[in-house]
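Biologist: Before any figures are discussed, could you give me a close account of one part of this protein, the second helix, together with its surroundings? I should like the surface and the overall layout first, and then the charged and nonpolar contacts.

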Amino acid sequence: MTETIAAPRYITYVPLTDLTPADRNPKRHELELIIASIDMHGLVEVPVVDERTQQTLHGHGRRESLLEMQSRGMRAPSGIVTDEDGGWLVPILRGWSSRSDAEAEALAIKLNRLPGEGGWDPREFAEVLEDLATNEAELFDSLAIPHDEIHKMLGQVDPETLPGGGREEETPLLHLPDDGDRDHELSPDDEGRAPHTTCPACGHLFNPAR
């Protein structure tokens with residue numbers, strides 16, 4: 001399959017209100033999480049526009065979040081340029097053109113779906129979470145990772161293969177906790193407290209907000 005327009009990719013700035021959504025976009029978005037991320041880190045991943053349709057191909061969640069931020073009177077995040085009237089100008093990636101609506105919709109799904117298909121390396125994931133929880137609590141909280149997801153991921157890591165664990169030079173083998181593993185469950189004394197997960201790297205109690 002060849003592209004209709006053989007053009008280099010380039011970034012240009014357009015008014016936020018001129019960024020047109022696709023006619024159909026089945027992807028749902030957690031706008032409050034996206035807004036919080038953009039407010040903390042700025043706009044890092046720029047939306048993509050299809051040259052053939054002049055519609056947003058990728059970045060609908062960022063578009064909606066920026067519109068909501070602007071309507072709330074929030075400051076313009078880094079990565080956004082303001083015009084002389086205070087309007088927000090958004091960087092977009094241009095230069096790609098679809099051959100048909102079907103191709104545009106197929107690629108839109110791939111751009112949203114494929115990055116998460118590889119999953120996470122449980123051992124490195126545990127190390128990063130431990131470092132963030134210990135040294136950068138605000139950044140750890142901003143991840144908003146559900147408790148059960150952290151619990152499942154950390155349950156696959158042999159703590160002895162993590163730094164300081166005694167067997168960290170060995171190739172880590174994943175394991176799943178058996179049905180009798182109750183280490184992370186709440187005891188009667190924990191009634192009313194938020195659920196927690198113990199990091200296998202250092203014993204830190206993760207108490208995710210979500």
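**The second helix and its surroundings**

Modeller: On the surface of this predicted model, I11, Y13 and V81 form a nonpolar patch with about 270 Å² of accessible area together. I11 belongs to strand β1, residues 10-15. Its relative accessibility is 51%, and I11 counts as exposed because the cut-off for that class is over 50%. For the protein as a whole, the accessible surface comes to about 13,200 Å², of which carbon and sulfur atoms account for 50%.

The overall layout gives the helix its setting. The protein has six helices and seven strands, which follow one another along the sequence as β-α-β-β-α-β-β-α-α-α-α-β-β. Of its 210 residues, 33% count as buried. Among contacts between residues at least 6 apart in sequence, 67% join residues at least 24 apart.

Helix α2 spans residues 60-71. From the first C-alpha to the last, its twelve residues reach 17 Å, close to the 16 Å expected at 1.5 Å a residue. Seen from its buried residues, the helix includes H60, G61, R62 and R63, followed by S65, L66 and M69. The cover over these buried residues includes α1, β3 (55-58) and β5 (88-96). Just after the helix, G73 takes a positive phi of about 80 degrees.

The charged contacts come next. Side chains of opposite charge can pair when their charged atoms come close. With a limit of 4 Å between a side-chain nitrogen of Lys or Arg and a carboxyl oxygen of Asp or Glu, the protein has eight salt bridges. One of them pairs E32 with R72, whose closest N and O atoms are 2.5 Å apart. E32 lies in helix α1 (residues 31-41) and R72 in the loop between α2 and β4 (81-82), so this pair ties together parts that are 40 residues apart in sequence. E32 has a relative accessible area of 45% and is partly exposed; R72, at 39% relative accessibility, is likewise classed as partly exposed.

R72 has a further partner in E68, and here the closest N and O atoms are 2.8 Å apart. E68 is partly exposed, with a relative accessible area of 30%. Through shared partners, the salt bridges join E32, E68 and R72 into one network.

Another salt bridge is formed by the side chains of D39 and R75, at 3.4 Å from N to O. Because D39 is in helix α1 and R75 is in the loop between α2 and β4, this pair ties together parts that are 36 residues apart in sequence. D39 has a relative accessibility of 28% and counts as partly exposed.

The nonpolar contacts can be followed from the buried residues of the helix. Two of these, L66 and M69, are also among the residues with the most contacts inside the largest nonpolar core, together with L43, I80, W88, V90 and I92. That core has 13 residues. At least two of them come from each of α1, α2 and β5, and the largest share, three residues, is supplied by β5.

M69 shows how these surroundings meet. Not counting residues up to four places away in sequence, M69 touches I35, I38 and D39, as well as M74, R75, P77 and W88. Its contacts therefore include D39 and R75, the two residues whose side chains meet in a salt bridge and so tie helix α1 to the loop between α2 and β4.

Apart from this largest core lies another, of eleven residues, among them L129, A133, F140 and V157. L129 is one of the contacts of L143, and L132 is the other, when neighbours within four places in sequence are left aside. L143 is placed in the loop between α5 (137-142) and α6 (147-154) and counts as partly exposed, at 38% relative accessibility. Although L143 and S37 are 106 residues apart along the chain, their C-alpha atoms are separated by 8.8 Å.

Note on methods:
Residues are numbered from 1 along each chain as its sequence is written. This is a predicted model: local features need pLDDT of at least 70, side-chain atom pairs count only at pLDDT 80 or more; totals for chains, interfaces and linings use all residues. Side-chain values use heavy atoms; hydrogens and water are left out. Helices (H or I, at least four residues) and strands (E, at least two) are DSSP runs, numbered from the N terminus. Buried means under 20% relative accessible area, exposed over 50%, partly exposed in between (1.4 Å probe, protein chains only). Contact means heavy atoms within 4.5 Å. Accessible areas come from the Shrake-Rupley method with a 1.4 Å probe; for residues, only the protein chains shown count as cover. Patches are made of residues with over 30% relative accessible area and no salt bridge: like charges are joined within 9 Å, nonpolar side chains (Val, Leu, Ile, Met, Phe, Trp, Tyr) within 5 Å. The expected span of a helix is 1.5 Å times one less than its number of residues. A nonpolar core is a set of buried Ala, Val, Leu, Ile, Met, Phe, Trp, Tyr and Cys residues joined through side-chain atoms within 4.5 Å.
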